[in-house]
Amino acid sequence: MYSKRILISGGCGFIGNHLVRHLVKNHPGWLIVNFDALTYAGVAENLKDIENEPNYRFEYGDVMDEFTLSAVFANYAITDVIHLAAESHVDRSVNSPMPFVFSNTVGTVYLLEAARQWWTHEGTFEGHKFYYFSTDEVFGAIHSGDEPFTETSGIVPNSPYSASKASADLFARAYHKTYGLPVIISHCCNAIGGYQFPEKLAPATIDRILNNESVVVYDEGLQSREWIYTDDVVDAAMTVFEKGIPGEAYNIGSGNECKNIDLVNMIIETLWMRKGIDRDEVRKRIKYVANARPGHDFRYAINADKIKAELGWQGAQNDITDCVEKTVDWYLENQEWVEKIKSGEYKTINDTYRY
Ligand code: DAU
């Protein structure tokens, strides 16, 4: 009865829950199977609002568990994959690289293999898609004034995180070249918005300001990132999924480049506007930490011409002010969510989904 039965890995994560919600609400003719291991950054409750929708299923499982994976492919006769599940925090990868190798690289190969096996068993790769959501960090770092990354930029990752994602990129590419698996890859810049785990720059900064803690800025805050709002990520990802050509890669970018210290200052300004915080007092709380991230990438920037020219993506609709204001507003309105994360209560709730 469903024209597509899509396995989304990592649907309880930051970008995953936004994408799952969009798919479930906007494509009632597609079955959305959220396959998630509920590791520390997966929050099952993120999708409570849609969990009773008829075209949504949750399947607890790890991408490295080949038996559960093949059962899910067979039970639902999966037609398409959108692979988002990943360990994603660079600092954690510096402290402990192995989970990144396992989840991001090995897990991707298990998922590629499960898709290859199931679609081979079905008799054809025709009409199927395997969309791997990767990161601009696989391209390494650039300096001020350098040209932004294009799809043909070299794969020169610098952190264990980006190396694990880049390795998965190469396997995804190889599965297309070797087996003809219909793989599409995208490389996205830094996403910002609601439901981001509070270890990342934007939510961590908002939380530290609101809780009178030091506002931690690595080095001098001069590193630069390109920020894209979650709605724009979903829009771009849907474009790649629906219109992307197997064997191709597409960069997803917004043009919203911003130095870390400028982003922090924009968050302070927004909280001043919304809550009347004492801006000068908060600025005094900024703590510059040298060498907090060994191998710290200086700048990422994306050339998104290809996805616009070849797939007709309209481009990001939210500028950097929208990104910051909408994100701050979400966190102010969802302090209860933040508290559940910080207190660990979400883990107890996650446990009720592990069946
Ligand atoms: O570019 C896409 C990538 O963006 C994704 O692939 C990653 O999964 C995601 O984590 C993100 O990577 P970043 O390392 O750029 O994000 P993060 O929020 O950790 O850091 C952004 C910048 O802010 C980076 O230069 C380090 C700095 N930073 C970070 C934290 C957590 C601080 O100055 N203070 C902080 O407390």
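Which residues is isoleucine 82 in contact with, leaving aside its neighbours within four places in sequence? Select isoleucine 82 in this predicted model, and the answer appears around it: Ile6, Leu7, Ile8, Ser9, Leu19, Leu23, Tyr131 and Phe241.

**The nonpolar cores**

Widen the selection from isoleucine 82 to the core that holds it. The largest nonpolar core has 42 residues, and Ile82 is listed with Leu23, Phe133, Ile252 and Ile307 as those with the most contacts inside it. Next, display helix α7, residues 230-243; this helix gives the most to the core, with seven residues. A second, separate core is made of 32 residues, among them Tyr40, Val282, Cys323 and Val328. In soluble globular proteins, nonpolar side chains tend to be buried together.

**Asparagine 17**

Move now to helix α1, which spans residues 14-26, and select asparagine 17 within it. Asparagine 17 has 0% relative accessibility and therefore counts as buried. Leaving aside neighbours within four places in sequence, the contacts of asparagine 17 are Gly11, Asn46, Leu47 and Tyr195.

**The three-stranded sheet**

The next stop is an open sheet of three strands. Display the strands in the order β7-β9-β11; their pairing is mixed. Strands β7 (190-192) and β11 (257-259) stand at the edges, each with a single partner strand, so one side of each has no neighbour in the sheet. On average, neighbouring strands of this sheet are turned by 50 degrees against each other, direction ignored.

Select β9, residues 224-229, together with β11: these strands run antiparallel and are joined by three bridges. Along this pairing, arginine 225 stands opposite cysteine 258 in β11, and serine 224 stands opposite lysine 259 in β11. Then turn to the other pairing, where β7 and β9 run parallel and are also joined by three bridges. Here isoleucine 192 stands opposite tyrosine 229 in β9.

Is strand β9 enclosed or open to the outside? Six of the six residues of β9 are buried, so this strand is largely enclosed by the rest of the structure. Colour its two faces separately to follow the pattern: Ser224, Glu226 and Ile228 lie on one side, Arg225, Trp227 and Tyr229 lie on the other, and all of them are buried.

Add helix α11, residues 320-333, to the view. Helix α11 packs on the sheet and touches β7, β9 and β11, and its direction makes about 70 degrees with that of β9.

**Helix α4 and its partners**

Select helix α4 (residues 98-122) and helix α5 (residues 160-179). Their axes come within 8 Å and cross at roughly 15 degrees. An angle under 35 degrees counts as roughly parallel, and α4 is therefore roughly parallel to α5. The crossing of α4 and α5 is right-handed. To inspect the contact, show side chains including Phe100, Val101, Leu112 and Arg116 in α4, which belong to the set that meets residues of α5 including Tyr161, Phe171, Tyr175 and Tyr179.

Keep α4 displayed and bring in helix α2, residues 66-76. Helices α2 and α4 pack at an angle of about 40 degrees, with their axes 10 Å apart. That angle makes α2 oblique to α4, and α2 passes α4 in a right-handed crossing. At this contact, Glu66, Leu69, Phe73 and Ala74 in α2 meet Tyr110, Leu111, Ala114, Ala115 and Trp118 in α4.

**Helices α6 and α8**

Select helix α6 (residues 201-210) and helix α8 (residues 260-275). Their axes come within 10 Å and cross at roughly 45 degrees, which makes α6 oblique to α8. This crossing is right-handed. On the α6 side, the contact is made by Leu201, Ala202, Thr205, Ile206, Ile209 and Leu210. On the α8 side, Asn260, Leu263, Val264, Ile267, Ile268, Leu271 and Lys275 take part.

**Valine 338**

The last selection is valine 338, in helix α12 (residues 335-343). Valine 338 has a relative accessible area of 2% and is buried. Where does valine 338 lie with respect to proline 203? The two are 135 residues apart in sequence and 9.2 Å apart in space, C-alpha to C-alpha. Not counting residues up to four places away in sequence, valine 338 touches Asp207 and Tyr331.

Methods:
Residues numbered from 1 in each chain as written. Predicted model: local features only at pLDDT ≥ 70, side-chain atom pairs only at ≥ 80, totals over all residues. Heavy atoms only, no water. Helix = DSSP H or I, 4+ residues; strand = E, 2+ residues; numbered from the N terminus. Buried < 20%, exposed > 50% of the residue type's maximum accessible area, 1.4 Å probe, protein only. Contact = heavy atoms within 4.5 Å. Core = buried A, V, L, I, M, F, W, Y, C linked by side-chain atoms within 4.5 Å. Pairing = 2+ DSSP bridges. Axes fitted to C-alpha atoms, helices over the stretch in contact; angles between N-to-C directions. Parallel < 35°, antiparallel > 145°, perpendicular 65-115°, else oblique. Left-handed = near helix turned anticlockwise from the far one by under 90°.
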